[in-house]
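Here is a quick bench-side briefing on the fold you are about to look at. Have the viewer open and follow along, topic by topic.

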Amino acid sequence: MEVLQKVNILCILPVIGDTKDAKRIELLQKAGFNIKVIAFERDYFVSRLPNCEIVKLPKIEQGKYWKRFLIMLKSLIRLRRHVKKCDVVYAFSPDLAIFAYIASLQLKKPLVMDVADIREIQVSSSLSGKLLRVIERFIANRTDLLVVSSLAFVTDYYLGKLKAKVKYYLLLENKVDYILNVDTYNTTNKQNDIITIGYFGYLRDNWTIKLLAELTQQLNNKCKVKLAGVDMITEANINELSIQNKNFNYSGPYKSPDDLNKLYSDIDVIVIFYPEPTDDFDWYNAKRICRSNRFYEACFFKKPIIAFSFTEDGKEVIKNNIGFTLDSYDVNLNIDIIKTSLTQENLTVWKENMMSLERSVYCLSDEATQLKNIISKIIE
């Protein structure tokens, strides 16, 4: 461990305050590395700050990839000054890995690329999408270590779709890293028939909002919906929906993990869905391989899950019988399935199965050691 204290890792973040990124940085610190963060400023709710030195770069905008790339180019000289002082460069997305690679030319610094999501442009059939995949394959071939939150990112996307040559990879799921007293957590069913469904995190899926809003209308006072997180919905005003429908409640952004205990105490079941496919979005092959923070949080707090059967999260729900899955985007059909499946009897069975899950399924265990070993290997 004494040797590792001398290893300085420069983490390049797309934004300051993301929960997943902060968890990764704390894991690196736990592994014994010295961490410095360099990140772009954005209009972004700060959910969880990393506990280390932070250097701020110019502001970038969400979704405007080419404009973002121009800002990155202007920041290259400044980034290179910081790269010279570190031993390892750790980039938290493919575009930042490209940025880091250019800034590291001739410096011979090991490069780590951390991937937690697949964006629409990465699988788009547009010219921009095709060009990006060529660039991403180039950088994946030159990355010393690929860290992923879902194994399917490696097998299906990088090895499958991109045909990249991955040197080393490490699976680090977005498992719970906090300690709360849940041994005495109230997992008993409520005595009334009202079931509360939760949808937490970055609220960007219009289809989920449509389904949940229609569900509360059809079930009247037998179902409530609780939403919390950053509002990124484009086709509805969830504040207005919350005002108009007493069974549809949005409480705004929250801090993680501070507010999670209260949020999950208020619900009976959590949903994990992804956007509907569009004509220019190979959704099935992209989003089905992602893993949601909500899966691990739900297991921690013993709250059953509703997910799509064709996603990685859905497969785990089916495998462990800790909730139920949907097979399509047919709103009316899914409402009928939910009406039938979401009973107090089923909730009891799913919660009991969650109580029997191995803690390692949803909580971090030896991941810091794994990180320490593989980063030490690429340094050598």
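Leu 146 stands opposite Tyr 169 in β7. That is a good place to start, on a pairing between β6 and strand β7 (residues 169-171), which run parallel and share three bridges. Keep in mind that this is a predicted model.

**Around β6**

- The chain gets from β6 to β7 by way of helix α6 (residues 151-161), and this β-α-β crossover is right-handed.
- On the other pairing, strand β5 (residues 111-115) runs parallel to β6, and four bridges join them.
- In that pairing, Asp 114 sits opposite Val 147 of β6.
- Another right-handed β-α-β unit is built from β5, helix α5 (residues 127-141) and β6.
- Which way do the side chains of strand β6 (residues 145-148) point? Leu 145 and Val 147 go one way, Leu 146 and Val 148 go the other, and all are buried.
- As a rule, side chains in a regular strand alternate between the two faces of the sheet.

**The six-stranded sheet**

- Six strands form an open sheet with parallel pairing, in the order β10-β9-β8-β11-β12-β13.
- The edges are β10 (248-250) and β13 (323-326); each has a single partner strand, so one side of each has no neighbour in the sheet.
- On average, neighbouring strands here are turned by 25° against each other, direction ignored.
- Within the sheet, strand β8 (residues 195-203) pairs with strand β9 (residues 223-231) in the parallel sense, over nine bridges.
- If you want a landmark in that pairing, Gly 201 has Gly 229 in β9 as its bridge partner.
- Helix α11 (residues 293-301) lies across β8, β11 (269-272) and β12 (305-308), and runs at about 165° to β11.

**Helix α12 and what it leans on**

- Helix α12 (residues 312-320) has buried residues at Glu 312, Asp 313, Gly 314 and Val 317.
- Those buried residues of α12 pack against α6, β11, α11, β12 and β13.
- Right after α12 comes Asn 321, with a positive phi near 50°.

**Nonpolar cores**

- The largest nonpolar core has 66 residues, and Ile 12, Phe 99 and Ile 305 have the most contacts inside it.
- Leaving out residues up to four places away in sequence, Ile 305 touches a list of residues that includes Val 269, Ile 270, Ile 272, Phe 295, Val 317, Phe 324 and Met 354.
- There is also a second, separate core of 33 residues, and Ile 209, Leu 211, Phe 248 and Leu 342 are among them.

**Cysteines**

- How many disulfides does the model have? The count comes to zero.
- Why is Cys 86 not bonded to another cysteine? The closest cysteine sulfur, in Cys 11, is 9.4 Å from the sulfur of Cys 86, which is too far for a bond.
- For reference, a disulfide is a covalent bond between the sulfur atoms of two cysteines.
- Cys 363 is in no disulfide either: the nearest cysteine sulfur, that of Cys 299, is 9.3 Å away.
- Is Cys 86 buried or exposed? Cys 86 is buried, at 4% relative accessibility.
- Cys 363 is buried too, with a relative accessible area of 4%.

**Backbone oddities**

- Most residues other than glycine have a negative phi, and most peptide bonds are trans.
- Where is a cis peptide bond found? One joins Ser 256 and Pro 257, with omega at about 5°.
- Pro 257 belongs to the loop between β10 and α9 (260-265).
- Lys 163 is not a glycine, yet has a positive phi of about 55°.
- You will find Lys 163 in the loop between α6 and β7, and Lys 163 is exposed, with a relative accessible area of 54%.
- Asn 321 is not a glycine either, and has a positive phi of about 50°.
- The loop between α12 and β13 holds Asn 321, which is partly exposed, with a relative accessible area of 36%.

How values were computed: Residues are numbered from 1 along each chain as its sequence is written. This is a predicted model: local features need pLDDT of at least 70, side-chain atom pairs count only at pLDDT 80 or more; totals for chains, interfaces and linings use all residues. Side-chain values use heavy atoms; hydrogens and water are left out. A nonpolar core is a set of buried Ala, Val, Leu, Ile, Met, Phe, Trp, Tyr and Cys residues joined through side-chain atoms within 4.5 Å. Buried means under 20% relative accessible area, exposed over 50%, partly exposed in between (1.4 Å probe, protein chains only). Contact means heavy atoms within 4.5 Å. A disulfide is a pair of cysteine sulfur atoms within 2.5 Å. Two strands pair if DSSP finds at least two bridges between them. Helices (H or I, at least four residues) and strands (E, at least two) are DSSP runs, numbered from the N terminus. Axes are lines fitted to C-alpha atoms, for helices over the stretch in contact, and angles run from 0 to 180 degrees between N-to-C directions. A crossover is right-handed if, with the strands pointing away from the viewer, the path from the first strand over the helix to the second runs clockwise.
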